[in-house]
Amino acid sequence: MQNSLEKAQSWAFFMLYKFPKNQPFIALLSYDTPEQNIITHPKDAKKFGIEFKLNVKNSSPINHFIKKYPIDFDTYKKSFDKVINHQKNGDSYLLNLCFSTKIETNLSLKDIFEHARGEAVIYKKDDFVCFTPEPFVTIKDGFIHTFPMKGTINAALPKAKETLLNDPKEFSESAMMLDLMRNDLGAISTEVKVESFRYIQKVAQLYQTSSHISAKLKKGISFDEIFSSLLPAGSITGTPKHETMRIIKECEREPRGFYTGVFIYFDGVVCQSFVMIRFVKERKDRAGGLYFFSGGGITVMSEAKKEYDELIQKVYFPF
């Protein structure tokens with residue numbers, strides 16, 4: 001019997017199914033609050049307070065500051081240790097552990113949207129801005145492509161690229177993610193092929209590694225079948241996916257909402273989607289203010305302090 005979350009997810013994907021095959025649409029699909037999902041025609045985006053830009057390579061400068069107030073290390077380590085214990089018990093092999101960092105800045109969400117760069121830059125009025133460097137899946141001419149991003153290092157460090165590529169923990173993380181995404185694509189596709197494994201990209205002050213996997217979609221498969229099979233994205237959950245998601249709920253301090261969800265844009269021919277990381281949320285509750293959500297992949301080889309530092313390094317504006 002379906003629980004309320006599964007029912008809400010089913011409703012969201014049914015909404016994808018309702019769109020005619022060649023009709024453009026956009027979708028904001030959350031990680032864990034599907035009742036907030038939005039699916040509409042691109043020309044109606046502003047009715048929902050949504051604006052977006054794709055493939056923004058250059059940012060425009062703006063005078064700004066950002067002050068970070070992350071959770072303290074002891075609090076982080078308590079959750080980290082829970083994850084490691086589960087992994088030692090064989091419950092999970094890779095888990096993406098995320099937290100929010102309170103920030104102070106002279107910029108509004110709209111300011112950040114107007115000046116940021118990313119594969120997709122998404123703004124929802126009075127709610128959040130996201131400037132993600134991570135494509136999820138691209139669908140074109142009967143083929144599907146995915147680009148899981150795993151592995152991060154400060155680009156300013158000496159021999160940063162070599163260090164990242166030769167780090168056994170980062171290699172293991174990428175290899176596990178590759179296997180997960182190949183299996184996920186195998187449920188909806190044939191001819192699954194690894195096009196590239198661990199290529200380096202520079203994202204602001206960070207180097208990150210990604211991989212590229214392609215496959216031929218099964219004949220007649222619909223968008224709702226594709227995304228209901230693939231979501232949530234493996235790169236921000238872990239493996240095995242469903243048990244790892246249960247552990248995430250146990251170890252993280254709050255729901256993720258749209259953070260680590262997926263933004264989809266279909267122009268009638270090509271469907272592009274993006275994992276919503278690099279994410280700033282405006283809170284209206286008692287906590288108030290702006291919070292920057294970030295995280296990183298944890299394996300049994302992870303070091304708590306290194307992972308904590310990476311969490312904070314990822315709190316930045318891309319301009």
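Here a trainee and a mentor talk through strand E5, two cysteines and the largest cavity of a predicted model.

Trainee: What makes strand E5 count as mostly covered?

Mentor: Go residue by residue. Buried means under 20% relative accessible area, and 10 of the 12 residues in E5, which spans 94-105, are buried.

Trainee: Why is Cys-98 called buried?

Mentor: Its relative accessibility is 5%, and the cut-off is under 20%, so Cys-98 counts as buried. Cys-130 has 0% relative accessibility, so Cys-130 counts as buried too.

Trainee: How do you know which strands pair with E5?

Mentor: Count the bridges; two strands pair if there are at least two between them. E4 (residues 66-69) shares 4 bridges with E5 and is antiparallel to it. E13 (residues 238-239) has 2 bridges to E5, also antiparallel, and since the rule asks for at least two, that qualifies as a pair. Then there's E17 (residues 289-298), joined to E5 by 9 bridges, again antiparallel.

Trainee: Which residues stand opposite each other in those pairings?

Mentor: On the E4 side, Lys-67 faces Glu-104 of E5. Towards E13, Leu-95 stands opposite Gly-238. And in E17, Gly-295 is the bridge partner of Cys-98.

Trainee: Back to Cys-98, then. How do you know that Cys-98 is in no disulfide?

Mentor: A search of the whole structure turns up 0 disulfides. For Cys-98, the nearest cysteine sulfur belongs to Cys-251 and is 12 Å away, while a disulfide needs the two sulfurs within 2.5 Å.

Trainee: And why is there no bond for Cys-130?

Mentor: Its closest cysteine sulfur is in Cys-98, 12 Å off, which is too far for a bond. The limit is 2.5 Å, so Cys-130 is left without a disulfide.

Trainee: Let's turn to the empty space. What makes a space a cavity, and how many are there?

Mentor: A 1.4 Å probe has to fit inside but be unable to get out. By that rule there are 4 cavities of 30 Å³ or more, and the largest holds about 210 Å³.

Trainee: Which residues line the largest cavity?

Mentor: There are 22 in the lining; Asn-96, Met-149, Lys-150, Gly-295 and Lys-314 lie nearest the centre. Strand E10 (149-154), helix H5 (168-186) and E17 each give two or more residues, with E17 giving the most, 5.

Trainee: What is the make-up of that lining?

Mentor: It divides into 5 nonpolar, 9 polar and 8 charged residues. Gly-295, for one, is in the lining, and Gly counts as polar.

How values were computed: Residues numbered from 1 in each chain as written. Predicted model: local features only at pLDDT ≥ 70, side-chain atom pairs only at ≥ 80, totals over all residues. Heavy atoms only, no water. Buried < 20%, exposed > 50% of the residue type's maximum accessible area, 1.4 Å probe, protein only. 1 Å grid on protein atoms, 1.4 Å probe; cavity = no way out; pocket = protein on both sides within 12 Å on 5 of 7 lines; lining within 4 Å. Points joined across faces, edges and corners; volume = space filled by probe spheres on them.
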